[in-house]
Amino acid sequence: METARFGRIGFIMAAAGSAVGLGNIWKFPYMAGQNGGGAFVLVYLLTVVFIGLSIFIAEVLMGRISRGDSVSAFEELAPKHGNLWKYAGFMVFTGILILSFYTIVIGWIFKYIFISFYSLPTTVESAGTLFGGMVGVEWFQQFVFFNMAFFLTIWIVVRGVKRGIEKVNIILMPLLVIILLALFLYSMTLDGFQDALHFLFYPDWSKLSGTSLLKAVGHAFFTLSLGMGTIMTYATSLPKNEDIVKSSFMVAVIDTLIALGAGIIIFTFIFHFNAKPSQGPGLVFISLPALFSQLGILGNVISVSFFVALAFAGITSAVSIVEPTTLYLINRFGMSRAKSLTLISIVTYIFGVMAIFSNVKVYSHYFTYFGKGYFDILDYLSSAILLPLGGMVIAFFVGFVMQKSRVHAVLSKYMSETVFNLWYFSVKYIATTAVALVMINKLFFS
Ligand code: PHE
């Protein structure tokens with residue numbers, strides 16, 4: 001068992017680094033754009049407060065008490081049938097699936113940092129051709145950038161909790177905040193700023209469908225890194241006497257502020273140049289570069305800063321996606337960190353390469369199963385099925401399986417009785433039901 005612990009601000013930085021990722025800067029804005037803005041944002045915020053935060057605290061609690069990998073946590077904390085409950089730790093494998101496509105997207109971001117320096121596309125059409133070409137035709141470039149992102153991530157995790165993960169987060173997170181703050185201040189000077197605020201914070205309920213409501217719930221999971229043992233695993237390295245409730249709260253606040261801030265920045269540009277907010281996943285890779293290019297050299301500076309920030313956010317999350325499986329192999333099989341990561345890399349790398357080729361037009365038919373490309377399968381399987389399932393299992397376990405007295409003994413140090421009761425109710429009933437609804441919706445209606 002490894003014993004390295006995070007330093008004082010190390011845990012908050014690392015957990016916030018995990019939470020703040022492509023989900024905040026790439027996914028949240030385009031989802032808000034597609035689902036009508038304000039009403040979606042409000043539902044997402046309510047979900048973060050009433051469900052996300054509760055499960056977050058539950059995950060931290062499990063890691064804190066067990067101080068083992070996610071499989072051991074279930075095994076040890078179950079009052080009986082630990083040998084069966086250990087299978088609830090299936091979530092340590094979800095990371096392998098997520099990492100393979102997550103590092104592909106970070107690779108795209110790397111390429112866009114280069115493009116931002118010298119050749120921003122000038123129209124939305126040419127930007128679309130550029131993006132389509134990168135993903136669907138010129139696989140070699142994409143492959144090279146994927147390798148960079150992939151091995152950088154693995155290298156950081158090989159260096160361990162303190163010298164790798166904590167260090168990277170302590171450097172990159174403040175830089176990320178500074179870049180976003182600068183972009184935010186600049187966006188305040190543009191005409192689109194007011195429209196962006198209106199779009200994101202003025203709920204128009206007629207635009208909120210049942211599906212978008214449930215999408216907001218699902219996204220709250222993804223954005224807080226819940227349901228795959230990441231937060232549980234990081235919490236095993238918590239410094240002694242850390243106020244786990246306060247830290248969880250802070251991470252949720254940082255994550256939310258960054259998502260909203262990024263949303264405001266992006267929509268300011270969109271409205272400033274009269275572009276459409278509802279363009280889906282291409283919002284950041286297609287519309288933004290074309291809009292930035294209209295600002296001349298300043299546009300290049302803004303574009304480089306934006307994609308660098310996105311890369312930082314992505315890397316600190318990618319690292320947290322690998323750590324649960326790594327700790328599991330170290331802990332249960334006595335492997336060294338290097339050996340455990342070699343094994344994980346081999347499997348993840350093969351998945352990643354298959355996912356790349358599933359998007360390349362001439363090869364895609366080899367990697368299309370049940371009518372879906374392998375890239376989309378990985379994304380769907382993890383965010384539609386495995387993460388919500390993991391979150392529900394954690395909520396159920398802490399709410400119904402663990403002894404209440406044990407849970408109370410730890411949390412009552414940091415919560416008043418009323419807050420504890422509210423939290424417990426939320427974990428037991430609200431979180432489990434809401435997640436079940438999300439899954440039923442995703443599996444059968446979309
Ligand atoms: N929270 C990260 C993001 O918003 C993604 C993530 C999911 C990280 C699950 C770790 C575990 O991009």
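A residue counts as near a molecule if one of its heavy atoms lies within 4 Å of it. By that rule, 15 residues surround the ligand. The closest are Ala19, Gly23, Tyr102, Phe222 and Ser225.

This is a predicted model: local features need pLDDT of at least 70, side-chain atom pairs count only at pLDDT 80 or more, and totals for chains, interfaces and linings use all residues. Residues are numbered from 1 along each chain as its sequence is written, and side-chain values use heavy atoms, with hydrogens and water left out.

**The ligand shell**

The shell holds six nonpolar, nine polar and no charged residues. Here Ala, Val, Leu, Ile, Met, Phe, Trp, Tyr, Cys and Pro count as nonpolar, Asp, Glu, Lys and Arg as charged, and the others, Gly among them, as polar.

Three polar contacts (pairs of N or O atoms within 3.5 Å) reach the ligand:

| Residue atom | Ligand atom | Distance |
|---|---|---|
| Alanine 19, backbone N or O | oxygen | 3.1 Å |
| Glycine 23, backbone N or O | oxygen | 2.8 Å |
| Serine 225, side-chain N or O | nitrogen | 3.0 Å |

The protein covers 100% of the 320 Å² of accessible area (Shrake-Rupley method, 1.4 Å probe) that the ligand has on its own.

**An aromatic pair**

Aromatic pairs are rings of Phe, Tyr and Trp (its six-membered ring) with centres within 6.5 Å; planes under 30 degrees apart count as stacked, over 60 as edge-to-face and the rest as tilted. The whole structure has 41. One is tilted: tyrosine 112 with phenylalanine 307, 5.4 Å centre to centre and 45° between the planes. Tyrosine 112 lies in helix H6 and phenylalanine 307 in helix H15, so the pair ties together parts 195 residues apart in sequence. Helices are DSSP runs (H or I) of at least four residues, numbered from the N terminus.

Technical notes: Polar contact = N/O pair within 3.5 Å; in protein donor to acceptor, adjacent residues only side chain to side chain. Helix = DSSP H or I, 4+ residues; strand = E, 2+ residues; numbered from the N terminus.
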